[in-house]
Amino acid sequence: MTAGAVSAIAALTLAACGSGGAGTDTGTDTGTEGAAGGEYTTNGCTPENPLIASNTSEACGGDQLDMFLAKLVHYNTDTAEPEMDIAESIETDDNQTFTVTLKQGYNFHDGTEVQAHNFVDAWNWAAAGPNGQAASYFFSPIEGYADVQCGGDGSDCEANPPETEEMSGLQVVDDYTFTIKTTEAVSNLPVRLGYSAFAPQPDAFFADESEGKEDFAAKPIGAGPYQVESTSSTETVFTKFADYGGDFPGSADKITFVIYQDIAAAYADTVAGNLDVLDQIPTDQLAGRQFESDLPDRSEQRESMTISYLTYSPADEQLKENKELRQALSMAVDRETINQQLWDGARPPLDSWAPSSLPDSPTGVCGEFCTYDAAAAKALYDQSGGYDGTLYLNTNADGAGNVATFEAVCNGWKNDLGLDCQVNQVVDFSTYNKGIDADEYTGVLRSAWLADYPSIENYLAPIYGKGADSNWSDYDNPAFDDKLAEAAAAPDLDQANALYLEAMQILAEDFPTAPMQSRLETIGWSENVSNVKLTPFGKPDRIGVTVNQ
C-alpha cells in the first residue's frame, strides 16, 4: 500500500489491537486438544433473507456468510486488524483512486478462479437500484453510484429506471487488477472492504435468472474456507472447502449451525454436550456467574464492539414529532441497575452512539439524557405532554435477555413516569426485522449493532445515513450527512474522527435513538471442542475451533 492507504489503516488497526484486551478466559480445556478434522455443532438464528452477501445486513445471516465468503480484506480474530486476504495490495496516492491487485490461486467453490471482474460485476449488481439489495448503501461512495439508482423517489424502478447498470468508478484493468474511484476522498475505504457486502460473486451468480437469485441462494457459492452443503429452516451445514487458496483455513471438516428459537434451550444443550459452541449465555445463567459452574473451564468473556440502543419507531407519530418525550424516556431507563441485576455487569451503560471499546470513541455525548434521573425524567415527560395510550416495546424473543431487558425498562417507565407500556415479543429475529421494514411496530424497537469493520464511521453512516438499510429510525438530516462526507474526506484518521464526533453531536441534538448498553460478550462450549475464542466483534471464531479426537 502507498502511504495514504497505510496511514488510514495503521491508525485504525493499531488502536483496534487494544479494543478487546479486557477479555478474560475462564479456563483452559482439559480434554485432548483437537487436530484438524471432525465435526461440531453451533447455535444459529434465522437469517432475514437468503444467503446473498449484498442482501444480508443482520447478524443471523452474517454469521453464516462469514463461514463461506472470502473478501479483499480479513479482520484479525484477535485484534480486528485488517489483513490482506484476496487482495495482494490496495494502493492509493489520494484516498480517492484505489488500485486493487488480487492474489492468484483463489477459487470459488464451483472451481472457477476469483478474478477482478467477479468483484466489479458483483458490486455493480449489488449497488443497482432495481436489485433492491439491503447493502446497496455501502457502495454509495463509489463514483457513479447515483447513476445506477432508480429515478424519482426510487420506489418505482420500472417507471424510473437507472441511467446505467455500471458505476463509472469501477474499472477492470486485467484479470487480477481493478480500480475504484470514489466521488470524494474516503480515508478508511481499505478498512471497509472486509465487510461481506464487498465479497466477489462467481459467474454462476449472474447466470441465475431466478427472482432475487433465489436458486443461487439455496446453495450459495463463495471463495472462503467452508462451502455450503445444505440449508433449511432448522439448520445450515458447512463442509471444508478442499481447494481453499487463502491464508485463513478452517479446522473442522464439518460445522452445523442449528437454528434455535430459545437461547435457554441452546444453553441446556451445550451443558449436556449436545451443542458444541454457544455464542451467548442466557441472562439467568450470567447472574452469579452460574455458567462458570455449568461449563467449567469452557467459557470466555471479553469486551466487544457491540452496542444496543432504543430506536423510536418512525411509524409512531407521538414519538416522531416529540424530541422531549424521546429524551424523557431515555432518562427514565436505569441502565446500571439493569446491567447489574440482569447481566451481572456484562452490559455496562452506554452514553454515546459508539462503544468505548472502539479506539478513539468519544464518551458522554448523550449527557444527561443517558443518565438515570427519575425526578428529572418525570418533569421532562410531563413537559412533553406524555404518551397517549399504550407504548409498545418491540423485540425479538430469540435473543438472550431481550425480553427481560425490555420488561425492566417498561416497569421503570410505569413506576417513574406513570406510563402505560407493554412488551411485544416477536417470535424470531427474521420475523422481527421484516416487521420493522414493513413499519408494523409503533413505540420502541430493540436495536443492536455489531461492527462490520473497526471504525467510528460504521456506527454512524449505516445506521443514520439517509436511505441506509439499517436506518430503522428513518433519520434524515442533511447537516449530518454532510458532516459524514466531510469526515470521510479528511486526510487522516485523527481529523476524520474529530469530524465524526461532530456528526455524533448532531445525533445527540436530534435524538432519533437512545444509547442503551455496551457489551461484554460471553460464550461457552462443550467438552467436544478446543481452541474456542471470542473475536473483538463479539462472536466465536468458529472457523478456528478444533474438534477433540
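Strand β5 (residues 87-92) pairs with β6 in the antiparallel sense over five bridges; strands here are DSSP runs of E of at least two residues, helices are runs of H or I of at least four, and both are numbered from the N terminus. Two strands are said to pair if DSSP finds at least two bridges between them. The model before you is predicted: local features need pLDDT of at least 70, side-chain atom pairs count only at pLDDT 80 or more, and totals for chains, interfaces and linings use all residues. Residues are numbered from 1 along each chain as its sequence is written, and side-chain values use heavy atoms, with hydrogens and water left out.

Let me stay with this sheet region. Within the β5 and β6 pairing, Thr 92 has Phe 98 as its bridge partner in β6. The two strands form a hairpin with four residues between them, and Asn 95 in that turn has a positive phi of about 60 degrees.

What do the side chains along β6 do? They alternate. Phe 98, Val 100 and Leu 102 point to one face and are buried, while Thr 97, Thr 99 and Thr 101 point to the other face and are not buried. By buried I mean under 20% relative accessible area; exposed is over 50%, and partly exposed lies in between, with a 1.4 Å probe and protein chains only.

Strand β6 (residues 97-102) is also joined to β8 by five bridges, and these two strands run antiparallel. Here Thr 101 has Thr 177 of β8 as its bridge partner. Strand β8 pairs with β7 as well, again in the antiparallel sense, over four bridges. Gln 171 is matched with Thr 179 in β8, and a hairpin of two residues joins β7 to β8. Because four of its five residues are buried, β8 is largely enclosed by the rest of the structure.

I turn now to salt bridges, each defined as a side-chain nitrogen of Lys or Arg within 4 Å of a carboxyl oxygen of Asp or Glu. The structure holds 17 of them. One involves Lys 181, which meets Glu 143 with the closest N and O atoms 3.8 Å apart. Glu 143 lies in the loop between α3 (116-127) and β7 (170-174) and Lys 181 lies in strand β8 (residues 177-181), so the pair ties together parts that are 38 residues apart in sequence. Glu 143 is partly exposed, at 24% relative accessible area, and Lys 181 is partly exposed too, at 36%.

A further salt bridge is formed by Asp 253 and Lys 240, with 3.7 Å between the closest N and O atoms. Asp 253 is in the loop between β10 (235-240) and β11 (254-259), and Lys 240 is in strand β10, so this pair ties together parts 13 residues apart in sequence. Both residues are partly exposed, with values of 38% for Asp 253 and 28% for Lys 240.

Lys 466 and Asp 476 also meet through their side chains, at 3.9 Å from N to O. Both lie in the loop between α16 (461-464) and α17 (478-488), 10 residues apart. Lys 466 counts as exposed at 53% relative accessibility, whereas Asp 476 is partly exposed at 45%. Elsewhere, salt bridges that share partners join Asp 63, Asp 279, Lys 539 and Arg 542 into one network.

Next, a single residue. Is Gln 64, in helix α2 (residues 59-68), buried or exposed? Gln 64 is buried, with a relative accessible area of 1%. Setting aside neighbours within four places in sequence, Gln 64 is in contact, meaning heavy atoms within 4.5 Å, with Cys 45, Pro 47, Leu 51, Thr 236, Phe 238, Phe 257 and Ile 259. Gln 64 and Pro 82 are 18 residues apart in sequence and 20 Å apart in space, C-alpha to C-alpha.

Finally, the second largest pocket. A pocket is an open set of points, on a 1 Å grid over the protein atoms alone, where a 1.4 Å probe fits, with protein on both sides within 12 Å along at least five of seven lines; lining residues have an atom within 4 Å of a point. The volume of this pocket is about 1,100 Å³, counted as the space filled by probe spheres set on the points, which are joined across faces, edges and corners. Of its 39 lining residues, the closest to the centre are Gln 133, Ala 134, Gly 467, Ala 468 and Asp 469. By class, the lining has 16 nonpolar, 16 polar and seven charged residues; Ala, Val, Leu, Ile, Met, Phe, Trp, Tyr, Cys and Pro count as nonpolar, Asp, Glu, Lys and Arg as charged, and the others, Gly among them, as polar.
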